[in-house]
Amino acid sequence: MFLKLSVSASEKLRTLTDPALRDRGEGPVPHVVMIFVMAAGAIVIGGMVIAVAKGWVNRMPTTAPAP
């Protein structure tokens, strides 16, 4: 079992480090930009949700209405 795992791991490592097979497309920079845009969007959406929630809380009466 360990032999099978080590052989498959070494084969994958050999494939990743082979210069002929390594350069097959875009580099990591577009992925970093995409992750940054998604994180910025999540922060903006989170801020909007917090602002709406604070608006709802501030509109609620702080004391019970008089009978």
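**Notes on a three-helix predicted model**

1. Read from start to end, the protein chain runs α-α-α. That amounts to 3 helices and 0 strands. Please keep in mind as you look around that this is a predicted model.

2. A word on burial, since it may catch your eye: buried residues account for 0% of the 67 residues in the protein chain. The protein chain exposes about 6,500 Å², and 75% of that area comes from carbon and sulfur atoms.

3. Helix H1 spans residues 2-17 and holds both arginine 14 and glutamate 11. These two sit 3 residues apart, about one turn of the helix. Their side chains meet in a salt bridge, with 2.9 Å from N to O. The count of salt bridges comes to 1. As background, side chains of opposite charge can pair when their charged atoms come close.

4. Is glutamate 11 buried or exposed? Neither label fits: glutamate 11 counts as partly exposed because its relative accessibility is 42%, between the 20% and 50% cut-offs.

5. Do have a look at helix H3, which covers residues 29-59 and includes valine 37. Valine 37 has a relative accessible area of 51%, and exposed means over 50%, so valine 37 is classed as exposed.

6. Valine 37 also belongs to a nonpolar patch on the surface, together with Val33 and Phe36. Between them, Val33, Phe36 and Val37 have about 320 Å² of accessible area.

Methods
Residues are numbered from 1 along each chain as its sequence is written. This is a predicted model: local features need pLDDT of at least 70, side-chain atom pairs count only at pLDDT 80 or more; totals for chains, interfaces and linings use all residues. Side-chain values use heavy atoms; hydrogens and water are left out. Patches are made of residues with over 30% relative accessible area and no salt bridge: like charges are joined within 9 Å, nonpolar side chains (Val, Leu, Ile, Met, Phe, Trp, Tyr) within 5 Å. Accessible areas come from the Shrake-Rupley method with a 1.4 Å probe; for residues, only the protein chains shown count as cover. A salt bridge is a side-chain nitrogen of Lys or Arg within 4 Å of a carboxyl oxygen of Asp or Glu. Helices (H or I, at least four residues) and strands (E, at least two) are DSSP runs, numbered from the N terminus. Buried means under 20% relative accessible area, exposed over 50%, partly exposed in between (1.4 Å probe, protein chains only).
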